[in-house]
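Student: I should like a close look at one buried position, taken residue by residue. Please then set that position in the context of the whole model, in one connected account.

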Amino acid sequence: GGSSGGDGDSKAGGKKLVYFMAPNTTPTRYIQQDGPDFKKAIEKLDSDIEVKFVNAGGSSATQLSQANAAISAGAKALVVVAADPNTSEGVLQAAEAAKIPVIGYENPPLKGKMFAQVVFDPENVGVQQGEYFASQVKDGALGATPVNVARLYGNKGDVYTTEMLKGQDSVLKPLIDDGTIKVVCEDYVKDWAPDNAQSAADQCLTKTQNKVGAFLGFYDGITAGVIAALKSKKVEVPVYGGQNPELTGLQYMLTGDQQDNVLKAFSVEAEAAAKITLAAINGEQPPADLVKDTVDNGGSQIPTAKLPSTLIHLEKGKDPGEAVQKAVDLGIFTWKQICTGPAASTPTCKEKVG
Amino acid sequence: MSVSATSRTPLAGRITAAFEDRLRNVPVLIVLGAIWLFFDTRSDAYLSSQNLTNLVLQIVTTAILALGIVFVLLVGEIDLSSAILSGVCATVVANYAVTSGWNLYAALAVGVLLGMVAMLVQALIIVFGVPSLIVTLGGMVVFQGLLLVVLPPEFTVNVGGTDYAKIASEHLPTSLSFVLAVLILIAYAGSRWRDIIGSRSDRTWALVSIGVIGVAVLGGVTVLTRGNGLPFPVLILGVMLIVASYATTSTRYGVHLYAVGGDRDAAQRAGIPVYRMVLYSFLILGACAAIAGVVDASRQLAVSNSSGGGPLMLNAIAAAVVGGTSLFGGRGSVWSALLGALVIGSINNGVQLLGYSPEVQFFATGGVLVVAVAMDVVITRGSLWPRRA
Amino acid sequence: MSVSATSRTPLAGRITAAFEDRLRNVPVLIVLGAIWLFFDTRSDAYLSSQNLTNLVLQIVTTAILALGIVFVLLVGEIDLSSAILSGVCATVVANYAVTSGWNLYAALAVGVLLGMVAMLVQALIIVFGVPSLIVTLGGMVVFQGLLLVVLPPEFTVNVGGTDYAKIASEHLPTSLSFVLAVLILIAYAGSRWRDIIGSRSDRTWALVSIGVIGVAVLGGVTVLTRGNGLPFPVLILGVMLIVASYATTSTRYGVHLYAVGGDRDAAQRAGIPVYRMVLYSFLILGACAAIAGVVDASRQLAVSNSSGGGPLMLNAIAAAVVGGTSLFGGRGSVWSALLGALVIGSINNGVQLLGYSPEVQFFATGGVLVVAVAMDVVITRGSLWPRRA
Amino acid sequence: MEPPILRLAGVSKHFGGVRALHEVDLELRTGEVVALVGDNGAGKSTLVKIIAGVERPDGGEIHVDEQEVKLDTPRAATGVGIHTVYQDLSLCDNLDAVKNLFLGQERTTGWWRGRAVRRGAMEEQAKAVLDSMSVRLRSFTTPVGGLSGGQRQGIAICRALVSDPRIVMLDEPTAALGITQRAEVLDLILRLKEQRRSVLVISHDLKDVQHVADRVVVLRLGTKVAEFSRGRYTSSELVAAITGAHEGVA
Amino acid sequence: MEPPILRLAGVSKHFGGVRALHEVDLELRTGEVVALVGDNGAGKSTLVKIIAGVERPDGGEIHVDEQEVKLDTPRAATGVGIHTVYQDLSLCDNLDAVKNLFLGQERTTGWWRGRAVRRGAMEEQAKAVLDSMSVRLRSFTTPVGGLSGGQRQGIAICRALVSDPRIVMLDEPTAALGITQRAEVLDLILRLKEQRRSVLVISHDLKDVQHVADRVVVLRLGTKVAEFSRGRYTSSELVAAITGAHEGVA
Ligand SMILES: Nc1ncnc2c1ncn2[C@@H]1O[C@H](COP(=O)(O)OP(=O)(O)OP(=O)(O)O)[C@@H](O)[C@H]1O
Ligand SMILES: Nc1ncnc2c1ncn2[C@@H]1O[C@H](COP(=O)(O)OP(=O)(O)OP(=O)(O)O)[C@@H](O)[C@H]1O
Ligand SMILES: [Mg+2]
Ligand SMILES: [Mg+2]
């Protein structure tokens, strides 16, 4: 073995190594879309860069090990989606000690120095979901007030859950307080997992004897669990609060089972991260056209690229395909991918893929 | 004569002895009753027909997986990989049945075969001499990778609205369900016929057990068919349990299974093909994992990279152990899969129904589980205190 | 004379016998060497001093936890709760030391005490008669709730820049490290002094083992002090291992520990306080869990709701088993915690260093683990094939 | 007459539906050798286990030195000076001969060294004790799980020699032993008697029983059916009592 | 002379540093009873385990019916008609007496009922067989782990009676038995001989050995040191060979 690991230039035919550090395999987007998109984008910008992927399996300790390993392997920059932002300061310190720039991505590490970060602001996602839901309530789409609402949050204690909840509550709190909305069930969904969401929805329906006016979730995996619970009981209740999106979320919009979704265009985020990473490697400042904000992450002021997320929703009398088309336009999924399973037989799909 | 008439012994002793033997499942049932009573006083909805149906559907996956695990525990091995494997098999079935449009049964056959082959490979390594904990831990990690490979690029297959989804949503019509239940009872009574007419076993005992089981089966069917009939997953679980029960208690295979788990050396010296018995157990687990995965996916209407993850694995092992199967081999029954899954499921269901905050849910779930098994221990040994040492 | 001179036996037989006895750890070491060689051919960075230091720091938490688990496995019990408990203890220590500004040592004492009390409660239920798998599974769930309770409302405590963080980042100066290493070697040689001068044991054997251990210790210290000195976590782990090794191999406590795990009835009949020995093992595990949690938090510079989660629990159990400790009690050594953690850590580290795609990482991690243990099995039994049955 | 060191009154024990012991009385005096005989399954081992604190009787009393005692655990029995050699030997198969020999009564240094075991001293004493019983081991470090049946029984018996008990109970101590070792055990019993210790021995070998026992107690189907004193019985009387040949006469 | 049904040539076995058997030769003919005697740890059980396919010899050959065979597993040994009663009994403690008695040779119905066991038939035969050996059980459904030492040994011996072996090996079959049962076992050996089966029996009871054995083979420290034919030896010669009293003379 080599005596010094700091010098990775000897490796991979002299290519510059960049590590894309994913948190786990659920949600799927990091290995399925963000990672490959990032690789494509940065290699197009500089063919001398080699991207390696690691996956922390949901554990901060593993992620710290991976960061150390990446540093040993001679990484020039780390793109980090934190396995747990709260416990990822170790990663930042290790990188700082080795003088390697860290680019925070989507769910970035907290409380330490970073070169820059790229995010779809989770609080803003929560606000978007909340605002659309509030507008539906006010429009009377959910019937007479008070509307009985079942809320299912993310994994308790996660930064993402806390931030999104802050966003949703900023809109919904007043409606709850004035009695327009009555929260009949609320529960945190362990690990954001569909099956946990399904049993939580099961129990809520039993408890209220199916008297739920609407479900409001946090993410497509959670809404998918809720929809499965509703279908198994043959109960029809509108489901709100999609996000990300997952394939199932878009399909359920086509079948009319899910009302809305917040689109976070992976390719846009990946491209932005690629540009910022390149600047970091070349010792330049973060590109000013992207990185316009500064965010205090509890330890440092981080130059931040805040990307706009888009809410899409079904509309009475309109083809749901119009809403979903936006996701296709953003390159999140193709119609061929979406038009499978239950969506295959929808009129929209018959039209789009024949 | 070899067997002398038993002299009268104290009643308590006779009851305890029975609890350790043919009434082995009664303490768990008492505990289950206590759990139900506890939650019933806290929520009116708990013992509603709707919630009981919920409960049973929620535990089917765990119970089917636990059934397979009972076979593996009985030969003195352990498994950590079957939950993830169930996700892999469910995905493969979804790929063929939904994406490629194969006939559902053909796809199911492929899935079950895959489950069995995957377990066979692991079992061969175990038989080779590597501890099963390590092999199946390694297997678990490999299957996590495999799941990513078999999933399509979107990492999810939505099976809603397809035939696949019907596996969990179909019902056996109420009338047919009752016919089936009665047929099962007749078969059971028939198998005890000799006990009833002969004097070998206690005649009252045979009649009482037929009566109790009759009430339980018919009552269960009545509650579960309140909606549209008997849910298909329940039927699948029921058939699997009955077949497994027959195989383990009445056949040569069953005797050998318990022998291998009780004392592997002694079994081998008696000419039992020990390694083959271990392989069989893992093959059964593989099939159970595939079926559990398919039922679960069909209930969740999708497979994804979280299929087979979460607490399923530990719940299934815990169900087997809560139901009374030993981790050290040779002791337990296939019914422990059902009873243990019911205990765990009833706790989770009740805790969620009460709508406490997550912290309280955690405390209640963990606490009630331990208290439930402690109650079982006390009833079974017939004394509050263990021997001091 | 009771012990007759051993007649000459075939060399292979003598080696195999030694592998099962005093050279028990050699096969694992060979396997570890093979793993290192394998990854070294694939990445230049793998055997660099920097990466080896990384590796050791990465495994410290796992190894400390595995050390506690070895004690529990040795008495024939199992534990699933200690990883989460480590997170709870680390959080409590952080609350006192960072948030409330207590003296770090006082906070540490409270944390270790909490770990021991939590384990004591579980151990009492186990001794009462509930299987340890169930008790610690329940405990795991309860501690998940407890973690949410002890965490402040923002669900995290940041310890960066405090004394707490120094636990993982401080170093013992290089010169002092070598002095310490030499002292340890002298103590070890002293304890084997009687073997060297007497004729009871093989004199060459004693000298060789002192030589080998000397080279290993000094070599290890040389590699690990390349930076600024010996990292503190390594020192903690080392001291714990040496104390544990002395306690299990040379004291009455150690004999009783193995006796209880080997045959609980026989141990009890010999007048050994079996239940107390079980309690001791869990108390030790509780202390190890607290220490592991604190070291981990200090390395990650924070605690949160994910502390103690992830693969830590299964890795720690697997480390103990990979290192050669039996799941069924009475066989194994405390060194298996270190060796097993090294095997698992080396695989993970290597796979991560190569930067494969997630699927391939999963395959490599699981596959290499099974292959590694299979190699160990083959070397230990000295034959490629098991007895057919 | 000297009071009995051990006295059982009306001890009963059931296992589920099986009545293993029914109202058994027994006395043992200092320096006395009592043999317990009976057919297979008569309840001899169960009685020994009750005195050893391994099984708890359903009813009846146990007196040691005229004091009623509760022998709930083996430790309690050891505490009042009772040492037992069990029929199933109760060795720890994963430990070697020396560790088994001294299990629960290790020779240790002080607490300041963590009660380190004095292996050297133990090995020496082990050698002496095993020699005295003609138990020949080829290695002191093999786990006893790998030893021959007779070697294992020899070790179990020798455990009695490293402790200093007032009462020794031996459950079929010679079953697996060779001729030399068997003679040594009979010799041991007589030596124990000389040292004014009390011995309760179970054996199916009636010649041995007649040779060493001051008194013979006969169990049949859990009930005590006869008791003979040395010299006051014939072999055939003993056999008749054991097998129940003249049922109702004995 | 009739060729031997079983012939061992130069069989050796080591356990780690211990030489358990060294170049042992042995022959067994149809209808012959051979006794294997020797001190504790002489290697008798090891030899039996090698023939039973439980241990694998380091060297040497085993011939059955003049054909060399590899007895790698107990199944292989059963396959050539060898049935073994082990010194440690090798019962499954979690199974009841009937299941243990028929383990590996259950009476079953056809495959179309999944080879269901015929419990009734088995219980009846078990009763008959156990009666013939005077083994008295109080319950057929207790796991044998709860039975007395003698009852367990009785069941282990009776297993030989439900199979139809050509060669029966008995390793100290009477160690834990009562007087009646012991006589039954000696009787059993003679009955097996009458049925032209071959018997290899290990015992420390030289009187029994002289009574039943056509030939006596003596092992000492793993080596065969002597072989006597019926009537051609005295008790003291036998003892001398076992203990090695006139070392170098035998
Ligand atoms: N598995 C094993 N591991 C190590 N040593 C063994 C093993 N099995 C047997 N031995 C040793 O081999 C020798 C022969 O043992 P074996 O059991 O054959 O004796 P035996 O003649 O049957 O004695 P006994 O009359 O006491 O039953 C003994 O010294 C014993 O310690
Ligand atoms: N743990 C147990 N469970 C069930 N029955 C038991 C248990 N222990 C003993 N018995 C029964 O109690 C009776 C007495 O057994 P015990 O072992 O005392 O006989 P014993 O006189 O020692 O016979 P042996 O001479 O064969 O050793 C037997 O019928 C036996 O089956
Ligand atoms: Mg007995
Ligand atoms: Mg023997």
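Tutor: In this predicted model, once the neighbours within four places in sequence are set aside, Leu32(B) is in contact with Leu342(B), Val343(B) and Ser346(B). Leu32(B) itself belongs to helix 2 of chain B, which covers residues 26-42. One of its partners, Leu342(B), is 310 residues away in sequence, yet the two C-alpha atoms are 7.6 Å apart in space. The relative accessible area of Leu32(B) is 6%; because the limit for a buried residue is under 20%, Leu32(B) counts as buried.

From this position the account can widen to the chain that carries it. Among the eight pairs of chains in contact, it is chains B and C that share the most contacts. Chain B is superposed on chain C by a rotation of 180 degrees with 0.0 Å of shift along the axis, and the RMSD is 0.1 Å. This is the relation of a two-fold axis. The contact surface is the same in both copies, since 100% of the contact residues of chain B recur in chain C. Within chain B, the residue that comes closest to the rotation axis is Phe328(B), whose C-alpha atom is 3.9 Å from it. Other pairs of chains do not meet. Chain A does not touch chain D, and their nearest C-alpha atoms are 36 Å apart. Chain A does not touch chain E either, with nearest C-alpha atoms 37 Å apart.

The nonpolar interior is the next topic. The largest nonpolar core has 365 residues, of which Leu78(A), Tyr164(B) and Tyr164(C) touch the most other members. Helix 3 of chain B (residues 49-74) gives this core its largest share, 17 residues. For Leu78(A), the contacts beyond four places in sequence include Tyr19(A), Met21(A), Ala67(A) and Ala70(A). Also in contact with Leu78(A) are Ala95(A), Ile100(A), Pro101(A), Val102(A) and Ile103(A). There is also a second, separate core of 49 residues, and Tyr153(A), Ile222(A), Ala224(A) and Val239(A) are among its members.

Chains D and E hold the ligands to be considered here. Ligand 1 lies between chains D and E. It is surrounded by 21 residues, the closest being Ser148(D), Gly150(D), Lys44(E), Ser45(E) and Thr46(E). Among its polar contacts, an oxygen atom of ligand 1 is 3.0 Å from an N or O atom in the side chain of Gln151(D). On the side of chain E, a polar side-chain atom of Asn40(E) lies 3.0 Å from an oxygen atom of ligand 1. The side chain of Gln87(E) likewise has an N or O atom 3.0 Å from an oxygen atom of this ligand.

Gln87(E) also takes part in a metal site. The magnesium ion (ligand 4) has as protein donors Ser45(E), through OG, and Gln87(E), through OE1, at 1.9 to 2.1 Å. Ser45(E) is in helix 1 (residues 44-51) of chain E and Gln87(E) in the loop between strand 6 (82-85) and helix 3 (97-101), so the pair ties together parts that are 42 residues apart in sequence. The two donors differ in exposure: Ser45(E) is buried at a relative accessible area of 16%, whereas Gln87(E) is partly exposed at 23%.

Ligand 2 is surrounded by residues from chains D and E, so its site is shared between chains. Around it are 21 residues, and the closest are Ser45(D), Thr46(D), Gly146(E), Ser148(E) and Gly150(E). A polar side-chain atom of Ser45(D) lies 2.6 Å from an oxygen atom of ligand 2. A backbone N or O atom of Gly43(D) lies 2.9 Å from an oxygen atom of the ligand, and an N or O atom in the side chain of Glu172(D) is 3.3 Å from one.

Ser45(D) has a further role as a donor. Together, Ser45(D) (OG) and Gln87(D) (OE1) are the protein donors of the magnesium ion (ligand 3), at 1.9 to 2.1 Å from it. This pair links parts of chain D that are 42 residues apart, with Ser45(D) in helix 1 (residues 44-51) and Gln87(D) in the loop between strand 6 (82-85) and helix 3 (97-101). Ser45(D) counts as buried at 16% relative accessibility, while Gln87(D), at 23%, is partly exposed.

Definitions and conventions
Residues are numbered from 1 along each chain as its sequence is written. Chains are lettered from A and ligands numbered from 1 in the order in which they are written. This is a predicted model: local features need pLDDT of at least 70, side-chain atom pairs count only at pLDDT 80 or more; totals for chains, interfaces and linings use all residues. Side-chain values use heavy atoms; hydrogens and water are left out. Contact means heavy atoms within 4.5 Å. Copies are superposed by least squares on the C-alpha atoms of residues with pLDDT of at least 70 in both. Donors are N, O and S atoms within 2.8 Å of the metal (3.2 Å for Na, K and Ca); water is not among the atoms, so sites may look incomplete. Helices (H or I, at least four residues) and strands (E, at least two) are DSSP runs, numbered from the N terminus. Buried means under 20% relative accessible area, exposed over 50%, partly exposed in between (1.4 Å probe, protein chains only). A nonpolar core is a set of buried Ala, Val, Leu, Ile, Met, Phe, Trp, Tyr and Cys residues joined through side-chain atoms within 4.5 Å. A residue is near a molecule or strand if one of its heavy atoms lies within 4 Å of it. A polar contact is a pair of N or O atoms within 3.5 Å; within protein, one must be able to donate a hydrogen and the other to accept it, and residues adjacent in sequence count only if both atoms are side-chain atoms.
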